[in-house]
Amino acid sequence: ALSHASAQEDESQSEFSILLRLQPELVSVSGSAAEARGTDGVTVTDAWASGSKNAANFGALFINASQSIGSSLSVFSKLGLNVDMEGLKDGDAKNRDLFVGLASPIGRVYAGRISPAYKDAGIGWDPLNATFMQSRGNLGRSGGAFGHGGYLDRSIGYQHQFGPARFSATVSLDEKVAGDITGNNDHAISAAVILPTGAFSFLAAYVDGSEYEGGPSDRDALKLGIRYSNGPWAAALMHEDRGRGLENGDILYATTSYRHEQWQFSANLGLFNDNQNVNDGTYFALAARYHLHNRVSAHAGIRQIDRDLTGKETIAGLGLRFIFNTGNLIR
């Protein structure tokens, strides 16, 4: 009887779950920038960023597991596969998170393929994130591995909550690659803190990947933000200072949304100021989302970006977002 009770207790401290996300979107793309790239027309996609379909997408398959190994310690792991409307992505892009870690009273430490702290901080502040109308990669917020859109291998992460403040930091170990003349000591670092105080949340984040894996120098960025949420209303303002090795400019992003029963209405605005004063740009998006179920929603709207040199890209369309979570499969 004691053995059976002990087994039941051990089982209750184990977790294993599967999360599936899918998002087909039907969009119509137009504008001089799209025509120049040959991406104009009607297509099916999962999100859109940096002029490409199925970029900064929503679709994924996650496997999560954890196991208590003491009264205050547990190990956890996550495996993420990147799926879009053409199936499992190829090459390095096929993997999202892939890590194993240890949780204790002094924080969570984990290692593997993870996203920099800069990306995770405030990623959900855009109500249109991971859709064809999203701000990231579309002049509203930065994209890429040193922005809001990627993961880095050989990384170590740390997370902890100090009172109300949530702190996170990551280090990605440099590795000498073909053509790399900078050596292997240019590790990428990132840190972020979010402080919620009542209806407001304040954010600060930093990333530096200068010469990481032979990349350009001055590949650093600072992000500051504030968000308000009260009742059906939410609004946020975010500013990014991006180094010469990145977008080489400043990005100002503003968003607001309003919920009414199953409906959510959102508006986004982004301004990109090119430090060389040759290719400034603007971004805006208007959208509505209807929650058919707590796991299924439909969205529709329009998004446009306009840059001084490369011109306009306008996308209008609709999509369906599906989320399935098994919950804990160990009983």
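1. Let me start with a residue you may want to click on straight away: Asp153, whose relative accessibility of 31% makes it partly exposed. Please keep in mind that this is a predicted model. The side chain of Asp153 meets that of Arg113 in a salt bridge, with an N to O distance of 2.9 Å. Arg113 sits in strand β10 (residues 107-114) and Asp153 in strand β11 (residues 152-162), so this contact links distant parts of the chain, 40 residues apart. The other partner, Arg113, is at 7% relative accessibility and counts as buried, because the cut-off for that class is under 20%.

2. Now the wider view. The protein chain holds 3 helices and 21 strands. Its radius of gyration is 21 Å, close to the 20 Å that the globule rule gives for 331 residues, so the chain is as compact as a globular protein of that length. The C-alpha trace spans about 75 × 55 × 40 Å along its principal axes. As for burial, 40% of the 331 residues count as buried.

3. Back to charges: how many salt bridges does a search of the whole structure find? The count is 11. One of them joins Arg244 to Asp218, with the closest N and O atoms 2.3 Å apart. Arg244 belongs to the loop between β16 (233-242) and β17, and Asp218 to the loop between β14 (200-208) and β15 (220-230), so the pair ties together parts 26 residues apart in sequence. Arg244 is exposed, at a relative accessible area of 62%, whereas Asp218 is partly exposed, at 29%.

4. Please also look at Glu313 and Arg303, whose side chains meet in a salt bridge of 2.8 Å, N to O. This pair links distant parts of the chain: Glu313 is in strand β21 (residues 311-325) and Arg303 in strand β20, 10 residues apart. Are these two partners buried or exposed? Glu313 is buried, with a relative accessible area of 0%, and Arg303 is buried, with a relative accessible area of 0%. Salt bridges that share partners bring Arg37 together with Arg303 and Glu313 in one network.

5. Strand β18 (residues 263-274) deserves a paragraph of its own. Which of its residues make up the covered face, and which the uncovered one? Gln264, Ser266, Asn268, Gly270, Phe272 and Asp274 form the covered face. The uncovered face consists of Trp263, Phe265, Ala267, Leu269, Leu271 and Asn273.

6. Next, the partners of β18. Strand β17 (residues 249-260) pairs with β18 in the antiparallel sense over 12 bridges, and in this pairing Tyr258 stands opposite Phe265 of β18. The two strands form a hairpin with 2 residues between them. In that turn, Glu261 has a positive phi of about 55 degrees.

7. Strand β19 (residues 281-293) also runs antiparallel to β18, and 10 bridges join the two. Here Ala267 faces across to Leu286 in β19. The hairpin of β18 and β19 has 6 residues between the strands, among them Asn277, which takes a positive phi near 60 degrees.

8. These strands also lead us to some internal space. The count comes to 1 cavity of 30 Å³ or more, and the largest cavity has a volume of about 40 Å³. Which residues line the largest cavity? They are Pro127, Leu128, Met133, Gln264, Ser266, Ala287, Ala288, Arg289 and His299. Gln264 and Ser266 are on the covered face of β18. Both β18 and β19 supply at least two residues of this lining, and β19 gives the largest share, 3 residues. By class, the lining has 5 nonpolar, 3 polar and 1 charged residues.

9. Finally, a pocket you might like to inspect. The second largest pocket holds about 380 Å³ of space. It is lined by 23 residues, and the closest to its centre are Ala49, Ser50, Gly137, Asn138 and Leu139. The elements that give two or more residues to this lining are α2 (32-37) and β20 (296-307). By class, the lining of the second largest pocket has 8 nonpolar, 10 polar and 5 charged residues.

How values were computed: Residues are numbered from 1 along each chain as its sequence is written. This is a predicted model: local features need pLDDT of at least 70, side-chain atom pairs count only at pLDDT 80 or more; totals for chains, interfaces and linings use all residues. Side-chain values use heavy atoms; hydrogens and water are left out. Buried means under 20% relative accessible area, exposed over 50%, partly exposed in between (1.4 Å probe, protein chains only). Helices (H or I, at least four residues) and strands (E, at least two) are DSSP runs, numbered from the N terminus. Two strands pair if DSSP finds at least two bridges between them. On a 1 Å grid over the protein atoms alone, a cavity is a set of points where a 1.4 Å probe fits but cannot get out, and a pocket is an open set with protein on both sides within 12 Å along at least five of seven lines; lining residues have an atom within 4 Å of a point. Grid points are joined across faces, edges and corners, and a volume is the space filled by probe spheres set on the points. Ala, Val, Leu, Ile, Met, Phe, Trp, Tyr, Cys and Pro count as nonpolar, Asp, Glu, Lys and Arg as charged, and the others, Gly among them, as polar. A salt bridge is a side-chain nitrogen of Lys or Arg within 4 Å of a carboxyl oxygen of Asp or Glu. The radius of gyration is taken over C-alpha atoms; the globule rule is 2.2 Å times the number of residues to the power 0.38.
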